[in-house]
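Visitor: I am new to this structure and would be grateful for a close look at a single part of it. Please choose one region, explain your terms as you proceed, and then set that region beside a few other places.

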Amino acid sequence: MTERATVVIIGAGPAGLVLGNLLVSQGIGTLILERSSRDHVQSSSRAGFFGANSARVLAEHGLDFRLALAGRAHDTCTFRHSDGDFTLNYGELGRGETHVLYPQHELVADLIGEYLRRGGRIRFGAKVTDVDASTATARYEDAFGADEVTGVFLAGCDGGYGASRHAIPASHAVHLGRDHGIVWLAVLAEAPQSSPAITYAIHDDGFAGHMARSASVTRYYLQIPSDDTLNAWPDERIWTELGVRMYVERFGPLCTGPIVDRRAVHLRSNIVDPIQHGRMFLVGDAASLISPAAAKGANLAIMEAEFLANAMIDALKNDDESALAGYSRTCLRRIWRAQEFSHWMIDLLAAPRGCGPDVGFRRALRRARLDSLRDSRAHQHFFAENYVGV
Ligand SMILES: Cc1cc2nc3c(=O)[nH]c(=O)nc-3n(C[C@H](O)[C@H](O)[C@H](O)COP(=O)(O)OP(=O)(O)OC[C@H]3O[C@@H](n4cnc5c(N)ncnc54)[C@H](O)[C@@H]3O)c2cc1C
């Protein structure tokens with residue numbers, strides 16, 4: 001017999017867990033299906049910078065108990081380049097908003113604990129293999145075999161490579177996407193941050209980035225050739241290359257330490273339009289994959305999850321589906337704004353590779369963009385508004 005839940009959620013990332021928490025707190029029965037183990041999702045390091053809207057959503061719904069204690073406000077970024085550097089205190093620009101710095105996997109652990117405490121159901125190790133959007137049914141496999149669950153609504157929160165986005169037939173949606181042809185080596189080092197600000201280094205050998213994660217762990221990024229393997233990047237080479245691109249001869253040494261995590265991040269962006277079909281709604285990376293330049297993915301996921309939760313509550317409790325009907329239209333407007341800003345950041349940070357007039361032209365454009373950001377107050381306000389907002 002098919003199992004039932006009012007809302008079936010696929011995926012226990014920020015999108016699925018915020019949605020689940022908001023629904024169960026209103027007495028709506030939800031079941032989350034998550035393919036990985038609890039340990040795995042609670043230890044998978046990714047985002048760290050949460051914008052003002054995410055902080056508001058988490059606080060308003062009682063989900064920020066640890067983040068409010070352990071999260072750190074962050075409001076400055078520095079751009080280094082061949083002729084010097086400049087720092088923007090973005091907390092005093094734009095809408096005056098700041099980031100909260102808190103590791104995503106710790107937020108995921110908080111959200112799982114709170115979801116279970118509120119009475120939500122979650123099944124780890126349950127991989128969804130097939131989705132029927134018209135009946136809100138998810139078929140899955142777990143250690144006990146194959147099974148299925150049907151809801152009134154289905155939420156596809158299973159990330160950029162999950163099953164739900166493919167359940168919208170090509171006749172009902174367009175899948176737009178772009179491979180930037182750029183790869184970032186993302187590493188976590190057991191080392192304190194080397195400077196108080198997020199640091200973006202613009203260098204002709206490729207972008208290098210530095211951002212805090214916690215008092216003892218720092219994230220670094222290095223743009224690497226797209227066909228390089230991780231084996232080509234032992235610790236020593238990473239620190240040497242970071243030193244060159246971060247211009248340490250001029251700005252002083254980096255705080256180094258053991259590299260505890262490394263992964264290659266292919267900068268890809270895509271969008272499904274619309275992000276709803278039948279009784280199914282896509283949320284977070286499942287709806288739109290966005291490159292980590294500009295730190296937008298988890299923030300979009302939280303924004304969409306709150307909107308969808310409110311719309312589902314209206315539909316289920318007040319018999320009013322008007323907000324649900326507008327879910328895709330409303331969220332896609334914000335998703336495209338974030339995508340546009342993320343593209344602007346990629347063009348600012350990435351070093352065009354090779355030689356020839358086109359490469360030289362793009363390098364000069366990048367420099368003009370940087371000069372404009374340094375010199376124009378209006379540009380700085382625009383940057384700050386888009387950098388922290390979704
Ligand atoms: C290195 C890096 C740094 C980043 N930094 C930032 C940042 O600072 N700020 C920011 O906002 N964003 C950042 N991001 C992006 C952010 O991490 C993602 O956008 C965010 O995780 C999206 O949340 P989600 O819930 O939509 O998807 P996910 O977090 O990917 O969660 C999806 C869940 O679904 C599960 N799943 C997948 N397929 C199935 C299936 N078939 N059946 C069942 N379960 C399934 C997965 O196991 C996973 O747990 C970063 C990303 C990376 C890679």
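Guide: A residue is called buried under 20% relative accessible area, exposed over 50%, and partly exposed in between, using a 1.4 Å probe and protein chains only. By that rule Glu249 is exposed, as its relative accessible area is 85%. This is a predicted model, in which local features need pLDDT of at least 70 and side-chain atom pairs count only at pLDDT 80 or more, while totals for chains, interfaces and linings use all residues. Residues are numbered from 1 along each chain as its sequence is written, and side-chain values use heavy atoms, with hydrogens and water left out.

Glu249 belongs to helix 7, residues 248-251. Helices (H or I, at least four residues) and strands (E, at least two) are DSSP runs, numbered from the N terminus. From Glu249 to Gly145 the C-alpha distance is 59 Å, with their positions 104 residues apart in sequence.

The region I have chosen begins in the loop that joins helix 6 (235-245) to helix 7, where Tyr247 is found. In contrast to Glu249, which is exposed, Tyr247 is buried at a relative accessible area of 12%. Its backbone deserves attention: phi of Tyr247 is near 50°, a positive value in a residue other than glycine.

Two histidines touch Tyr247, and they may be taken in turn. His203 sits in the loop between strand 15 (198-201) and strand 16 (208-212). With 13% relative accessible area, His203 is buried. Contact here means heavy atoms within 4.5 Å. Once neighbours within four places in sequence are left aside, the contacts of His203 are Val244, Arg245, Tyr247, Ala351 and Arg366. A polar contact is a pair of N or O atoms within 3.5 Å; within protein, one must be able to donate a hydrogen and the other to accept it, and residues adjacent in sequence count only if both atoms are side-chain atoms. A polar side-chain atom of His203 lies 2.9 Å from the backbone nitrogen of Asp205. By contrast, Arg165 is 38 residues from His203 along the chain, and their C-alpha atoms are 37 Å apart.

The other histidine, His81, lies in strand 6. His81 is buried, at 5% relative accessibility. Residues up to four places away not being counted, His81 touches Phe86, Ile202, Tyr247, Arg250, Arg367, Leu370 and Arg374. Strand 6 spans residues 76-81 and holds Thr76 as well. Thr76 counts as buried, its relative accessibility being 17%. Beyond its neighbours within four places, Thr76 is in contact with Thr87, Leu88, Asn89, Tyr90, Pro196, Ala197 and Ile198.

Some of these partners lead on to a pair of helices. The axes of helix 10 (residues 327-349) and helix 11 (residues 357-375) come within 8 Å and cross at roughly 110°. The two are therefore roughly perpendicular. Axes are lines fitted to C-alpha atoms, for helices over the stretch in contact, and angles run from 0 to 180 degrees between N-to-C directions. Angles under 35 degrees count as roughly parallel, over 145 as roughly antiparallel, 65 to 115 as roughly perpendicular, and the rest as oblique. Helix 10 contributes Trp344, Asp347, Leu348 and Leu349 to the contact, and helix 11 contributes Arg366, Arg369, Leu370 and Leu373. By class, this contact has 5 nonpolar, no polar and 3 charged residues. Ala, Val, Leu, Ile, Met, Phe, Trp, Tyr, Cys and Pro count as nonpolar, Asp, Glu, Lys and Arg as charged, and the others, Gly among them, as polar. Arg366 of this contact is thus a partner of His203, and Leu370 is a partner of His81.

Some other places may be set beside this region. Ala136 has a positive phi as well, near 55°. Ala136 lies in the loop between strand 10 (127-132) and strand 11 (137-142), and it is buried with a relative accessible area of 0%. The peptide bond from Asp273 to Pro274 is cis, with omega near 5°. His381, in helix 12 (residues 377-388), is partly exposed at 33%. Aside from its neighbours within four places, His381 is in contact with Leu93 and Gly94.

Lastly, there is the ligand. A polar side-chain atom of Gln104 is 2.8 Å from one of its oxygen atoms. A polar backbone atom of Gly48 is 3.2 Å from an oxygen atom of the ligand.
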